[in-house]
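Please report on how the protein chains of this model relate to one another, how they meet the DNA, and what empty space is enclosed.

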Number of protein chains: 2
Amino acid sequence: MNEGKITNKNGLTEEQFLAAYNADKYEKPSVTADIIIFTVSDEEKESYRKLPQKVLKVLLIKRGDHPYMGQWALPGGFAQIDESLEEAAARELKEETSIDDLYMEQLYTWGDVARDPRMRVISASYLSLADSKTLDIKANDDADDAKWFTVSYKLFQEQKTVTEKGYILTRLFKLELQNEDDRLSAIIKTVKAVEGKVSKTEREILESKGIAFDHAKIIEYGIERLRSKIEYTDTAFNLMPELFTLTELQQVYEVILDTELLKANFRRKIADMVTETNEYTKDAGHRPSKLFKFNANWNDTK
Amino acid sequence: MNEGKITNKNGLTEEQFLAAYNADKYEKPSVTADIIIFTVSDEEKESYRKLPQKVLKVLLIKRGDHPYMGQWALPGGFAQIDESLEEAAARELKEETSIDDLYMEQLYTWGDVARDPRMRVISASYLSLADSKTLDIKANDDADDAKWFTVSYKLFQEQKTVTEKGYILTRLFKLELQNEDDRLSAIIKTVKAVEGKVSKTEREILESKGIAFDHAKIIEYGIERLRSKIEYTDTAFNLMPELFTLTELQQVYEVILDTELLKANFRRKIADMVTETNEYTKDAGHRPSKLFKFNANWNDTK
DNA sequence: GCAAAAGTGTTTCTTATACACCCATGG
DNA sequence: CCATGGGTGTATAAGAAACACTTTTGC
């Protein structure tokens, strides 16, 4: 019957094997896709002259049911059996922001056993970036309970212990998320243990006020990823509108990296990632500035 | 009864909610942890004078059952319900190499729908590195059907199409995996589509000879990760034994990056990542060279 | 002696960093 | 006129890249 076909030790061909396969031999975990979406938007102007300050914001959803009822969580949900993880993430994102075509990259997959009190849940997290102007247009007015929170993320303690074959570096970060009504916070500990050649970094939530599950850790990881990518890639432009001034671009870099940059040097650094247009800002209370757009071909020469 | 406790819209407290929770409302995917383990080892010497050539190797397992029976796959397996993804990966790795304490980092989670003909399988992949001397000692002699394959990975076609708002960059890579008995190969296409600010990269297997599932894609991704990390971190030392010569270290960089490096410049670049010892090689057929070890504190000054 | 590799020095070019200066606008 | 930001130049330091040369061993 099975002439000419490869059979396994039970004498089954691939078709026969697949037809008989029992996919439920083992207990399976649930899988979710969670999305961190960041944007940078303007605070109120202090005077007619000053430029508005930029702040980094993250979108969170208020939980309407147990567990962590009333607390805030990253948008996300269970991956359906017939959609890829990317599709699940994009679907959840669209449900919350009603935007289709956002930048999105896989961040990390969180696989600890006790992440969720309901059951074993593995969460694939995605990092997404949007510019605030596009978000304004497609305002998610249905806004079940989705809100943007201003992000503050600071290192406040660092400790290094030297061991025989390496060292242990412990850092404490304070994450604060804030909007008009709520103020959430968390303390995250990262431990980098170097022993010989092998180094391991672990993250732990020491305190989490108002942030559901282990999402404080995911947000922390997302900020770190954003910081490192902005330095050597063009991701920052996903946070910019079509047209922008170089100072606006610089402010975005500054708010993400949490440092001040020198104007002249910054402009040289990003020079070939942008193209100038013939348009200018107006009514700014000071000299108008030229508007630029992203130059997708900037790394051609490199 | 439920005084003082938060209840949801059905009047349930968290305890009651969790007790009643049905974790099997939706069909769940299976989750595996797969590991790419790389090592760099010596080829035969050509003459008593010449140094042995270094080659990059990856560990694969011959599949003993359907699907892809007889083909080669990355070591890995289903994540148990009571172990984290890291634990699952480490367990699988130990089963194959009998080494405990290897460098391991999460690589990427593959979530496409049709990755496995048996059922929906999501695979969290991990990248691991080992030095060949340690591997030699703890030889995995039980060797069910685990074998090391020499890796060759080359770009052989590149095509750029400029569009209105960006470009499409298509690249074809040839991956070849080889040992004494088998010669596997795959062609992988990566498409980077830049449109406005948003860029997307997709990977596709055009041809896969002898490599099971989508594992050719995972290996390709692992090589890319290894290449980029070796340039700006100290991961390379995970491929080195305790003591090594600077030329050996340079060979490891060269085989991974697939380029030749200038000796003097290379030595300046890695100078503060290594510490010299008082030991030397001998009987080399040429001038003996000083042995170095990894300096875990190299980034202190930065 | 000589092949092969070990090991170091010099020159040049490119980037990064810090700082100083002038320009244009709206109230 | 002046606060505020727009925009550019210059000088110095640090780093990357290319090349040249000397030293040491085993056979």
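In this report Ala, Val, Leu, Ile, Met, Phe, Trp, Tyr, Cys and Pro count as nonpolar, Asp, Glu, Lys and Arg as charged, and the others, Gly among them, as polar. The model is predicted: local features need pLDDT of at least 70, side-chain atom pairs count only at pLDDT 80 or more, and totals for chains, interfaces and linings use all residues. Residues are numbered from 1 along each chain as its sequence is written, chains are lettered from A and ligands numbered from 1 in the order in which they are written, and side-chain values use heavy atoms, with hydrogens and water left out.

**Cavities**

A cavity is a set of points, on a 1 Å grid over the protein atoms alone, where a 1.4 Å probe fits but cannot get out; lining residues have an atom within 4 Å of a point. Grid points are joined across faces, edges and corners, and a volume is the space filled by probe spheres set on the points. Searching the whole structure gives two cavities of 30 Å³ or more.

| Cavity | Volume | Lining by class |
|---|---|---|
| Largest | about 100 Å³ | eight nonpolar, two polar, three charged |
| Second largest | about 30 Å³ | five nonpolar, two polar, no charged |

Thirteen residues line the largest cavity, and A23(A), Y26(A), K28(A), S30(B) and F78(B) lie nearest its centre. The lining of the second largest cavity consists of V31(A), T109(A), I122(A), V31(B), T109(B), I122(B) and A124(B).

**Relation of the chains**

Superposed by least squares on the C-alpha atoms of residues with pLDDT of at least 70 in both, chain A is laid on chain B with an RMSD of 0.0 Å by a turn of 180° and a shift of 0.0 Å along the axis. This is the relation of a two-fold axis. Of the interface residues of chain A (contact means heavy atoms within 4.5 Å), 100% are also interface residues in chain B, so the copies meet through the same surface.

**DNA strand C**

DNA strand C is surrounded by 23 residues (one heavy atom within 4 Å), the closest being R49(A), P288(A), L51(B), T247(B) and K263(B). By class, these residues are seven nonpolar, six polar and ten charged. Sugar or phosphate accounts for 54% of the strand C atoms within 4 Å of the protein, and bases for the rest.

A polar side-chain atom of N265(A) lies 2.9 Å from a base nitrogen of DNA strand C. For a side-chain N or O atom of R268(A), the distance to a base nitrogen of the strand is 3.0 Å; for R287(B) it is 3.1 Å. These pairs are polar contacts (N or O atoms within 3.5 Å).

Notes. A polar contact is a pair of N or O atoms within 3.5 Å; within protein, one must be able to donate a hydrogen and the other to accept it, and residues adjacent in sequence count only if both atoms are side-chain atoms. On a 1 Å grid over the protein atoms alone, a cavity is a set of points where a 1.4 Å probe fits but cannot get out, and a pocket is an open set with protein on both sides within 12 Å along at least five of seven lines; lining residues have an atom within 4 Å of a point.
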